[in-house]
Amino acid sequence: MILLTGATGTVGAALLRRLTARSTPVRCLVRDPRGLGAHRVRVQITLGDLADSASFRNALRGVETVVHLAASIRDQPRASIEELNGMATLRLVRGAERAGARRFVFISALGASLQSPTRFFRSKALARAAVEKADLQTTVFAPSIVYTPGDPWLTLLERLTLLPVMPISGSGRSLYQPIWAEDVADCVVAALDLPGDGRRSFDLAGPEILSYEEIVRTALRPLGRRRPLVHVPLPVVRASLRGLERVTGHSAFATWEEAELMEEPMTTPRGTADAEALGVAPLRMSAVLGGP
Ligand SMILES: NC(=O)c1ccc[n+]([C@@H]2O[C@H](COP(=O)([O-])OP(=O)(O)OC[C@H]3O[C@@H](n4cnc5c(N)ncnc54)[C@H](OP(=O)(O)O)[C@@H]3O)[C@@H](O)[C@H]2O)c1
């Protein structure tokens, strides 16, 4: 039995499709099963929340492998970014050890370190350290930006094109190697098929290095909407988004913590090598999104 967290997310949905297609027994820890769509009749469901570690105990019963994808890039009403990513992962690891699981698969983020300027990256680094110290076989993936058509991030960019100019937070010069969620899911499935032994880690990157500004242009091209890009200085972005959060609370369309991630470079000198070692040849962003 695999315990999958984050099954309703961008990578989780792609992974769940693959696991159910091969009839792998899966239990999904979810806050709301409706997010699983039609898959909810093909899996075991355990209600849980990263903010509630007591919910992990039932979820972990009889589980051999944990695939932990759930994470948050913004504070939630019940817990902070640090609790949702760092503490929750540590508690899930401890729970998995106690429950007699054999293997723990985790997705960190490329470049995340305890010295990173952003809270999300620091929390991912803490989580990775907890996983890698676990008394379990571990597999850690560190992807660059992950996307799929229609995901919340590309949808936000699409909505912003309704404005006469396209606002870009900060310099837009940080570099990424965007990788399609379907390619990430293929890598996870391939890693699950490897003999479970020891500790493995994989950097996951797409085949091209793009600045954030180039990524936005690539995402806009298939929409056929040309907009001048306007760089908004970071102090202005921070003040505006902090002000917005004070008014709208946790439902803000964007938060400062999300915006500042666009200043965190996410590249690896390994390029696509780790994905290819798993038998996956990641596609270019323009090949996935299409456009002229
Ligand atoms: N997307 C990227 O660019 C990127 C880059 C590097 C690393 N990663 C990592 O890759 C993994 C998968 O990313 P993704 O893009 O698929 O994430 P995503 O689309 O944002 O999905 C997040 C998942 O976590 C779940 N979740 C959030 N808060 C939760 C809570 N309090 N309790 C239980 N579940 C909760 C969400 O469930 P709900 O349906 O309940 O919201 C959703 O299933 C994550 O660990 C992410 O940090 C992503």
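How many of the seven residues of strand 6 are buried? Five of them are, so strand 6 is largely enclosed by the rest of the structure, where a residue is called buried if 20 or more other C-beta atoms, placed from the backbone, lie within 10 Å of its own, exposed if 12 or fewer do, and partly exposed in between. The model described here is predicted, and local features need pLDDT of at least 70, side-chain atom pairs count only at pLDDT 80 or more, and totals for chains, interfaces and linings use all residues. Residues are numbered from 1 along each chain as its sequence is written, while helices (H or I, at least four residues) and strands (E, at least two) are DSSP runs numbered from the N terminus.

Strand 6 belongs to an open sheet of seven strands, which follow the order 3-2-1-4-5-6-11 with parallel pairing; two strands are taken to pair if DSSP finds at least two bridges between them. Strand 3 (44-47) and strand 11 (199-204) stand at the edges, and each has a single partner strand, so one side of each is left without a neighbour in the sheet. From one strand to the next, the twist averages 15°. Strand 2 (residues 26-30) is joined to strand 3 by four bridges in the parallel sense, and Val30 stands opposite Leu47 in strand 3. Strand 5 and strand 6 also run parallel, joined by five bridges, with Ile107 opposite Phe141 in strand 6.

Two of the helices may be described by their packing on this sheet. Helix 1 touches strand 1 (2-5), strand 2 and strand 5 (103-107), and its direction makes about 155° with that of strand 1. Helix 6 touches strand 4 (65-68), strand 5, strand 6 (137-143) and strand 11, and its direction makes about 165° with that of strand 11. In these descriptions, residues are in contact if their C-beta atoms, placed from the backbone, lie within 7 Å, and axes are lines fitted to C-alpha atoms, for helices over the stretch in contact, with angles running from 0 to 180 degrees between N-to-C directions. The 13 residues of helix 6 (residues 181-193) should span 18 Å at 1.5 Å a residue, which agrees with the 19 Å between its end C-alpha atoms; the expected span is 1.5 Å times one less than the number of residues. The buried residues of helix 6 include Val184, Ala185, Cys187 and Val188, and also Glu182, Asp183 and Asp186.

Around the ligand there are 23 residues, of which Thr8, Gly9, Val11, Ala70 and Ala71 come nearest, a residue being near a molecule if its C-beta atom, placed from the backbone, lies within 6 Å of it. Helix 1 (residues 10-21) gives the largest share of this shell, three residues.

Beyond helix 1, Ser23 lies in the loop between that helix and strand 2, and its phi is near 55°, a positive value in a residue other than glycine. Ser23 counts as exposed because it has 8 C-beta neighbours inside 10 Å. Helix 8 is followed by Gly249, whose phi is also positive, near 65°, and His250 lies in the loop between helix 8 (234-248) and helix 9 (256-260). With 11 C-beta neighbours inside 10 Å, His250 likewise counts as exposed. Although His250 and Asp75 are 175 residues apart in sequence, their C-alpha atoms are 7.4 Å apart in space, and His250 touches Gln76 and Pro77, not counting residues up to four places away in sequence.
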